[in-house]
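Reader: I have the sequence and the model open beside me. Please go through the terms one by one and tell me what earns each of them.

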Amino acid sequence: YFFATILDWIEREGGPAGSVVSVDRHHPDLVFAANWFCPPCADCVRSYQTPVWERKVRFIQGLADDQETFQHVVANLHELDCLTPQQVPEIPFMMNTAKTIIVNLDANHEFQGLMKELIYYAPFVTLNSYLIVQDAKLDKIWGTAGPTAALNAFLQLSPPGEFVVEEDLKFHGYSQHIYVRRAQVTVPHSYFLQVAMEAMSS
């Protein structure tokens, strides 16, 4: 809802129209009712029932690292004209360079799950836009491979210089989110899945 509000303001001021594609395993009703997480006030507005949400948010219920959920995201990006279909089976679509896409990952914090999310969604980031990986400090808290390790593994799969961690913003805020800029676009989305599959089979 926060991102949707910002996009709505930008459009109202004459800027380009934008949308949020949001993925969560739970329906917003269940998240709203999670009193242990954020007890709602008596007059709390259900953001997912507001006009801004209706205009700006496309909600997909499912696990972010699930193949079916990923296909729903792809379908929505096609509808939003962010992807251009291709006739080559190995490269089913290309990014529309006239669009700007930011990817913010905050669903799965375990290594394997987040690695799949990175392979699925990080390649959607457009030139000089950002991939944001949240809660990077969990590796240290849990004492095991988590968000930071998964991001480092993903960067190893990427062509040199494709994604660059912004050192000035590194571990920003309490949750220590990592901001990664796409410095160049030299490979299609399908490259990352192919390289990941080759790495798993080797």
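**Strands and their partners**

Reader: What makes S5 and strand S6 (residues 130-133) a pair?

Author: Three bridges join S5 and S6, which pair in the parallel sense. Two strands pair if DSSP finds at least two bridges between them, so three are enough here. The names are DSSP runs numbered from the N terminus: helices are H or I with at least four residues, strands are E with at least two. This is a predicted model in which local features need pLDDT of at least 70 and side-chain atom pairs count only at pLDDT 80 or more, while totals for chains, interfaces and linings use all residues. Residues are numbered from 1 along each chain as its sequence is written, and side-chain values use heavy atoms, with hydrogens and water left out.

Reader: Which other strands pass that test, and in what sense do they run?

Author: S6 and S8 pair in the antiparallel sense over four bridges, and S7 is joined to S8, also antiparallel, by three bridges. Val 133 of S6 is a useful residue to find: Leu 105 stands opposite Val 133, and Val 133 also stands opposite Ile 178 in S8. Further along, Val 164 stands opposite Arg 181 in S8.

Reader: Why is the pairing of the sheet called mixed?

Author: Strands of a sheet pair through backbone hydrogen bonds, either parallel or antiparallel. The open sheet of four strands has the order S5-S6-S8-S7 with mixed pairing: S5 and S6 are parallel, while S6 and S8 are antiparallel. S5 (103-105) and S7 (163-165) stand at the edges because each has a single partner strand, which leaves one side of each without a neighbour in the sheet. From one strand to the next, the twist averages 20 degrees.

**Helices on the sheet**

Reader: How do you know which strands helix H5 (residues 111-121) touches, and what is its direction?

Author: Contact means heavy atoms within 4.5 Å. H5 packs on the sheet and touches S5 and S6, and its direction makes about 170 degrees with that of S5. Such angles run from 0 to 180 degrees between N-to-C directions, with axes as lines fitted to C-alpha atoms, for helices over the stretch in contact. By the same scale, helix H7 (residues 147-157) runs at about 15 degrees to strand S8 (178-182), and H7 lies across S6, S7 and S8.

Reader: What makes H5 largely enclosed?

Author: Eight of the eleven residues of H5 are buried, so the rest of the structure largely encloses H5. Buried means under 20% relative accessible area, exposed over 50%, and partly exposed in between (1.4 Å probe, protein chains only). Among the buried residues of H5 are Gly 113, Leu 114 and Tyr 121. Their cover includes helix H4 (67-79), S5, S6, H7 and H8. S8 is also largely enclosed, because four of its five residues are buried.

**Single residues**

Reader: Why is Asp 135 called buried?

Author: Its relative accessible area is 15%, so Asp 135 falls under the 20% limit. Asp 135 lies in the loop between S6 and helix H6 (138-142), and its phi is near 60 degrees, a positive value in a residue other than glycine. Asp 81 also has a positive phi without being a glycine, about 65 degrees, but at 41% Asp 81 counts as partly exposed.

Reader: What makes Gly 146 buried?

Author: The relative accessible area of Gly 146 is 0%, so the term applies. Gly 146 sits in the loop between H6 and H7. Apart from neighbours within four places in sequence, Gly 146 is in contact with His 109, Phe 111 and Asp 139.

Reader: How do you know how many disulfides there are?

Author: A disulfide is a pair of cysteine sulfur atoms within 2.5 Å, and a search of the whole structure finds zero. Cys 44 is partly exposed at 37%, whereas Cys 82 is buried at 9%.

**A pocket**

Reader: Which helix gives the most to the lining of the second largest pocket?

Author: H5 does, with six residues, and H5, H7 and helix H8 (189-201) each supply at least two. Closest to the centre, of the 13 lining residues, are Met 115, Lys 116, Ile 119, Ala 196 and Met 200.

Notes
1 Å grid on protein atoms, 1.4 Å probe; cavity = no way out; pocket = protein on both sides within 12 Å on 5 of 7 lines; lining within 4 Å.
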